[in-house]
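This report looks at helix packing, at the nonpolar cores and at two individual residues. The sequence and the structure are shown first.

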Amino acid sequence: MLAKRIIPCLDVKDGKTVKGVNFVNFRDAGDPVEMGKQYSEAGADELVFLDITASYEGRKTFVDMVKRVAAGVSIPFTVGGGINELSDVETLLNAGADKVSINSSALRNPQLITDIAKNFGSQVCVVAIDAKEEAAGDWTCYVKGGHVPTERKLFEWAKEAQERGAGEILFTSMSHDGVKQGYPNDALNRLHCELSIPVIASGGAGRKEDFRDAFLVGHADAALAASVFHFGEIDIRDLKEYLKKQNIPVR
């Protein structure tokens, strides 16, 4: 088993880190620059920064803030939100991002995945999928920060993203987001079985056991979480010690 990654996520809105439940009811969680630095020092393996209203509001990601976050972290740093063309990717990589996460723009224009992989390498391209379980095992993909449903379904879209050159899939279950009742392990396991690229689990972390299950039941390669880290409910170092005792390799 390859070492599993623990990834805090900074959902940024109006220049502040926020956290909601099921993609609504956001509350302030702090300054993203300071939080990024703290997570880098606390043993996080990577950091994800999502400008969660950029696509919905039809604007670009906050590049200045990306520069400031990047300056304070020494771990891989993924940035998403409002990325629509190759020049946006170049701007963010020059600002200090190691990877970019595309979601709405990839669904609108799947060729963007191919172009990013071709120009910058697959390792730079993370395809984020926000999906909601509409019926047992039937997951619908959403765009614009979870506001608008599409006709695309989770598993076929994840496969196409892989074929087009995505280096990783970041799957967020809108049904589990912020509820803290565990990750969508059945869907994660199916993604693991159907794909050959890493899958990052997102949506549902409430206890250390939820991370364990995402890795052992869902076979996720990495687990992303926000509120349990932001509000001090789970300490990353403690979490890693717990996972080691469960014979789950972590970095």
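## Packing of two helices

In this predicted model, the crossing of helix 9 and helix 11 is right-handed. The contact is formed by Lys208, Glu209, Phe211, Arg212 and Phe215 on the side of helix 9, and by Asp238, Leu239, Tyr242 and Leu243 on the side of helix 11. Sorted by residue class, this contact of helix 9 with helix 11 comprises five nonpolar and four charged residues, with no polar ones.

Two packed helices are described by the angle between their axes and the distance between the axes. Here the axes of helix 9 (residues 208-216) and helix 11 (residues 236-245) come within 10 Å and cross at roughly 50°. The angle lies outside the ranges that count as roughly parallel, roughly antiparallel or roughly perpendicular, and helix 9 and helix 11 are therefore oblique to each other.

## Nonpolar cores

In soluble globular proteins, nonpolar side chains tend to be buried together. The largest nonpolar core of the model has 69 residues, and Val127, Phe211 and Phe229 are those with the most contacts inside it. Helix 7, which spans residues 154-164, gives the most to this core, contributing five residues. A second core, separate from the largest one, consists of ten residues, among them Ile7, Val48, Val126 and Ile200.

Phe211 thus appears both among the residues with the most contacts inside the largest core and in the contact of helix 9 with helix 11. For Val127, when residues up to four places away in sequence are not counted, the residues touched are Ile102, Ile113, Trp157, Ala161, Ala166, Glu168, Ile169 and Leu170.

## Surroundings of Val69

Val69 lies in helix 3, which covers residues 63-72, and it counts as buried because its relative accessibility is 0%. Although Val69 and Val33 are 36 residues apart along the chain, their C-alpha atoms are separated by 4.6 Å. Not counting residues up to four places away in sequence, Val69 touches Val33 together with Pro32, Leu47, Phe49 and Phe77.

## Surroundings of Ser101

Ser101 belongs to strand 6 (residues 99-102). With a relative accessibility of 4%, which is under the 20% limit, Ser101 counts as buried. Leaving aside neighbours within four places in sequence, Ser101 is in contact with Leu50, Thr78, Val79, Gly80, Gly81, Ile83, Val126, Ala128 and Leu170. Of these partners, Val126 is one of the residues of the second core, while Leu170 is also touched by Val127.

Conventions. Residues are numbered from 1 along each chain as its sequence is written. This is a predicted model: local features need pLDDT of at least 70, side-chain atom pairs count only at pLDDT 80 or more; totals for chains, interfaces and linings use all residues. Side-chain values use heavy atoms; hydrogens and water are left out. A nonpolar core is a set of buried Ala, Val, Leu, Ile, Met, Phe, Trp, Tyr and Cys residues joined through side-chain atoms within 4.5 Å. Buried means under 20% relative accessible area, exposed over 50%, partly exposed in between (1.4 Å probe, protein chains only). Helices (H or I, at least four residues) and strands (E, at least two) are DSSP runs, numbered from the N terminus. Contact means heavy atoms within 4.5 Å. Axes are lines fitted to C-alpha atoms, for helices over the stretch in contact, and angles run from 0 to 180 degrees between N-to-C directions. Angles under 35 degrees count as roughly parallel, over 145 as roughly antiparallel, 65 to 115 as roughly perpendicular and the rest as oblique. A crossing is left-handed if the near helix is turned anticlockwise from the far one by less than a right angle, and right-handed if clockwise. Ala, Val, Leu, Ile, Met, Phe, Trp, Tyr, Cys and Pro count as nonpolar, Asp, Glu, Lys and Arg as charged, and the others, Gly among them, as polar.
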